[in-house]
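Work through the exercises below with the sequence and the 3D view open. Try each task before you read its solution.

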Amino acid sequence: MSTKASSRSTHVEAILGRDLYAQVRNVKLLLVGAGGIGCELLKNIVLTGFGDITLLDLDTIDLSNLNRQFLFRKKDVKQSKALVAARTAQQFNPSVRITPIHANIKEPQFDVAWFRQFHIVLNALDNLDARRHVNKMCLAAAVPLVESGTAGYLGQVQPILKDRTECFDCMPKPIPKTFPVCTIRSTPSQPIHCIVWAKSYLIPQLFGEDEDGGDELDEAEKQGENAEKIANLRKEAQAFTAVRNALRSGSHPKPNGSTTRSRSKKANPNGDAAQLVFNKVFEADIQNLLSMSDMWSNRAPPVPLNYHEILNDSFVLPNHPETDAATSNGPFVPQNKAHTNGHNVPNASSSSTASGSGGAGLKDQRELTLRENLELFIHSTNRLSMRLNSGEDTISFDKDDDDTLDFVTAAANLRAAAYGIGGKSRWEVKEMAGNIIPAIATTNAVISGAIVLQALHLLRKNYGGLRNIHLQLKPEVPLNGSSVGAPAPECGVCRDTYVELLCDPSRVTLGEAIERILGDGDDEGTGPRDVSVYEDKRILSDPDFDDNLERTLESLGVTRGKFLTIVDEDGEWGNVAVAIGVLPPNHPPNGPALIPPFPLPKPPRLSKPTPPPLTPNTPPRKRTASVMGGDDDIEHVAPPPKRTKTGMPHINMASPSKKKRLEDEGLLIVENPDEKVDDEPELITIDD
C-alpha cells in the first residue's frame with residue numbers, strides 16, 4: 001500500500017473505529033444510479049473505503065449533466081454513466097473494487113437472488129417506477145436499503161429495513177399532474193397546456209405510430225367530457241392521415257436552398273410539408289373550433305394564424321390580455337410590451353435584431369418572436385420529416401433531442417399566441433416538458449453525506465440511530481432528522497410474505513405453482529384455499545376464473561424477476577408474494593421443473609374487523625340488577641321489542657300477486673313436501 005493510500009485509510013479508520021472500518025472494507029454494496037446524487041455518493045463511499053462496489057445505471061452522459069455531475073467531462077458525452085463514473089472514482093481509492101454495469105435495474109437477470117448477494121443497497125434514482133422496483137426487490141431479498149431523492153433545494157433520505165421500518169410505498173406518493181383532454185386539445189389557458197399538447201399529442205400524431213387517439217377520446221367520453229368537443233376531436237384525428245403522409249413523402253429544403261425528396265415516394269403536391277402541418281393545426285383546426293360558438297360564450301376565442309402573413313411581418317394578433325397585442329415583430333409575452341393595439345412601435349426589435357442581440361441573454365433563455373417561432377417550427381418539422389424518410393419508424397419527444405425540443409417549443413408558442421397565452425423560452429419549455437426540477441449540486445452533496453451515515457447505522461445494526469433525513473427550506477432548521485416509522489399495517493408491499501420459487505417457467509403451470517406454494521396445510525403452508533393470483537396489476541386467476549391454471553408461467557409472461565401475488569379470497573390470510581427465480585446451474589436436466597421454497601410460506605392471519613359499538617340510545621338487552629344483589633332487589637325488565645330488519649320488507653307469502661311474482665322469478669312455493677309439481681323441475685328445498 002502506498003504512503004498516500006495508507007494515510008487515507010488511517011484517517012478513515014480513526015473516524016469509524018477499527019471494527020467498523022474492517023467491516024466496511026468487506027461490505028458488498030450496490031449503488032443504483034450514477035447521476036446527480038450517484039456521482040457524489042460514489043465519491044463518498046469510495047473515500048469511506050467500502051471494499052466491493054457494484055454501480056448500475058442505464059443512462060448515458062449528456063452535456064447538461066456536466067454542471068453538477070463532477071465525475072464526467074465534455075469528452076465523456078454520450079458514453080455510459082456507470083462506466084465513466086467507475087473509471088473516474090477508481091482513481092480516488094485504487095484499493096476499492098468497482099464493478100460498473102450499463103443496464104436497466106428492471107431487467108430480468110437482476111432478480112431476487114442477484115439482490116441477495118449484497119449487504120446493502122443505496123438508491124440514487126430519479127424515476128419513481130424504478131425506485132418502487134428496487135424497494136420491492138430489497139424487501140424480497142431482505143437486504144437493507146437507503147432510499148434518497150432531491151428536488152431543487154429539497155432532499156430526503158430514508159433507511160428501509162424489512163419488518164422494522166416503513167418502506168418506500170408505506171406513504172402514498174403524489175400523483176403526477178394530469179389535465180382533461182378537452183382542455184389540452186381545445187381550450188388551453190396556461191402555457192403548460194400548450195406544451196403538453198405539443199409534446200403528448202402533436203408529436204405522437206405526426207411522427208409517432210399511426211394511431212387516431214380513439215382510446216383516449218373514448219375514455220374522455222366515459223369521464224363525461226363535452227360530447228360535441230369529443231366529436232370534433234375525432235374529426236381532427238382522422239384528418240391527420242393526409243398530414244402524416246405528407247411528412248413521409250414531401251420535399252424538404254436544404255440549407256443551401258435546394259430541395260431533397262424522399263427516397264422513392266411521391267412528392268407532396270401541396271408544397272412544403274411544414275406549411276401543410278401549420279395550415280392544418282394552426283389555421284384549419286382553429287377555424288373548426290370557432291364554428292362551435294357555445295364553446296366561446298364565456299372565454300376569449302382563439303385566432304387562426306396565417307402562415308404567409310407571419311413570415312411577411314404583416315400578421316396582427318388581437319389585443320389578448322396576456323399577449324398584450326404583440327405582433328410578429330416582437331415577443332408575445334406580457335413583460336415585453338413593444339406593441340400597442342396591434343401596431344408596431346418604432347424601435348421595437350425585429351426578429352433579426354432580437355436574434356443577434358447580446359443583451360437578450362443566452363439563446364435558449366430568450367423569448368422568441370412570433371416569426372421566429374414559425375421559422376423554428378418550419379426547420380424542426382423538416383428535420384424530423386427527413387429523419388422519418390431516412391429510416392426512423394417513429395420519433396418521440398426527448399428533452400435531449402434538439403429536433404423534438406425545437407418542435408415542441410415552436411408549436412407550443414404558436415398555439416399560445418393563437419389562444420392569447422404568454423409564450424415560453426426554449427429553456428423553460430425544456431424544463432416543463434421534461435418535468436425537470438433544477439438540480440442543485442450542493443443539495444446532492446448534503447444528501448449523499450446523509451446516505452452514508454444511515455448506511456453505517458444499518459451495517460452496525462444500530463437501528464436506534466436510524467433517522468429519516470429531510471433537507472428543507474427553513475433557515476432555522478435546514479436539516480431535520482426524524483425517527484423512522486414502523487411499517488404501515490395496510491401497506492401492500494412490505495406487509496406481504498415474500499418467498500422465492502425456483503422453476504423452469506416453460507414447464508411449470510400456474511396451477512402447479514399455486515398448489516406447491518399453498519402446500520397441504522398439515523405440516524407446512526396454509527393448505528388449499530380460495531385465492532386470487534396477480535402479476536403486477538394483471539389478474540391471472542380467481543375462484544371464478546380458472547382458464548389460466550393449465551397454462552405455463554412462460555405463456556402468461558411470468559418469468560424470471562417477476563412476482564406472483566397470492567391473495568386470500570376470504571381475507572383471513574395475508575398476501576404471499578412469490579418471486580420467480582431460475583433453477584440452479586447444477587440442476588439435472590431431467591430433474592423436477594420446480595423447487596418450492598422451504599419452509600413453505602405461512603402468512604399472518606388477518607384479524608376480522610370489529611363491529612361498531614352500540615349507540616348510547618340502544619336499550620339494554622339484559623335485565624338490570626341492583627348493586628346489593630339478592631332476589632328481592634332484582635328489577636325485572638321486559639325485553640325490548642325486536643328491531644325490524646332494514647332493507648327486507650315484510651312479505652305476505654299468502655298474497656297471490658306476490659306468489660305469482662316469485663314464481664315468475666323461478667321460485668315455487670308449495671304447501672307441503674308431497675305436493676306434485678308439473679314437469680318435475682330441479683328443486684332446491686329452502687324450508688322443510
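The exercises cover helix packing, salt bridges, a buried glycine and some backbone details.

This is a predicted model, in which local features need pLDDT of at least 70, side-chain atom pairs count only at pLDDT 80 or more, and totals for chains, interfaces and linings use all residues. Residues are numbered from 1 along each chain as its sequence is written, and side-chain values use heavy atoms, with hydrogens and water left out.

**Exercise 1. Describe how helix 8 packs on helix 15.**

Step 1. Find the elements. Helix 8 covers residues 191–207, and helix 15 covers residues 402–418. Helices (H or I, at least four residues) and strands (E, at least two) are DSSP runs, numbered from the N terminus.

Step 2. Get the geometry. The two axes come within 9 Å and cross at roughly 120 degrees. Axes are lines fitted to C-alpha atoms, for helices over the stretch in contact, and angles run from 0 to 180 degrees between N-to-C directions.

Step 3. Classify the angle. Under 35 degrees counts as roughly parallel, over 145 as roughly antiparallel, 65 to 115 as roughly perpendicular, and the rest as oblique. Helix 8 and helix 15 are therefore oblique to each other.

Step 4. List the contact, meaning heavy atoms within 4.5 Å. Helix 8 supplies C194, I195, W197, A198, K199, L202, I203, L206 and F207. Helix 15 supplies T404, F407, V408, A411, A412, R415 and A416.

Step 5. Sort by class. Ala, Val, Leu, Ile, Met, Phe, Trp, Tyr, Cys and Pro count as nonpolar, Asp, Glu, Lys and Arg as charged, and the others, Gly among them, as polar. The contact of helix 8 with helix 15 has 13 nonpolar, one polar and two charged residues.

**Exercise 2. Repeat the analysis for helix 11 and helix 14.**

Step 1. Helix 11 spans residues 273–290. Helix 14 spans residues 370–389.

Step 2. Their axes are 9 Å apart, and the packing angle is about 120 degrees. That makes helix 11 oblique to helix 14.

Step 3. A274, V277, F278 and F282 of helix 11 meet L374, F377, I378, T381 and N382 of helix 14.

Step 4. By class, this contact of helix 11 with helix 14 has seven nonpolar, two polar and no charged residues.

**Exercise 3. Examine the salt bridges of R18, D52 and R383.**

Step 1. Apply the rule: a side-chain nitrogen of Lys or Arg lies within 4 Å of a carboxyl oxygen of Asp or Glu. The whole structure has 30 salt bridges.

Step 2. Take R18. Its partner is E13, with the closest N and O atoms 3.6 Å apart. R18 is exposed at 65% relative accessible area, while E13 is partly exposed at 28%. Buried means under 20% relative accessible area, exposed over 50%, partly exposed in between (1.4 Å probe, protein chains only).

Step 3. Take D52. A salt bridge joins D52 to R97, with the closest N and O atoms 3.7 Å apart. D52 lies in strand 2 (residues 52–57) and R97 in strand 3 (residues 97–102), so the pair ties together parts 45 residues apart in sequence. D52 is buried at 15%, but R97 is exposed at 53%.

Step 4. Take R383. Its side chain meets that of D406 at 2.8 Å, N to O. R383 in helix 14 and D406 in helix 15 are 23 residues apart. R383 is partly exposed at 29%, and D406 is buried at 10%.

Step 5. Widen the view. R383 and D406 belong to a network of salt bridges that also includes R387, E392, D401, D402, D403 and R426.

**Exercise 4. Is G155 buried or exposed, and which residues is G155 in contact with, leaving aside neighbours within four places in sequence?**

Step 1. Locate G155 in strand 6 (residues 154–160).

Step 2. Check accessibility. G155 has a relative accessible area of 10% and is buried.

Step 3. List the contacts: G149, T150, I447, I469, H470 and L471.

Step 4. Compare sequence and space. G155 and L479 are 324 residues apart in sequence, and their C-alpha atoms are 9.3 Å apart.

**Exercise 5. Inspect the backbone at P599, K78 and D536.**

Step 1. F598 and P599 are joined by a cis peptide bond, with omega about -5 degrees. P599 sits in the loop between strand 18 (594–595) and helix 19 (656–664).

Step 2. K78 is not a glycine, yet its phi is positive, near 80 degrees. K78 is exposed at 60%.

Step 3. D536 has a positive phi near 60 degrees. D536 lies in the loop between strand 14 (531–535) and strand 15 (538–541), and is exposed at 61%.
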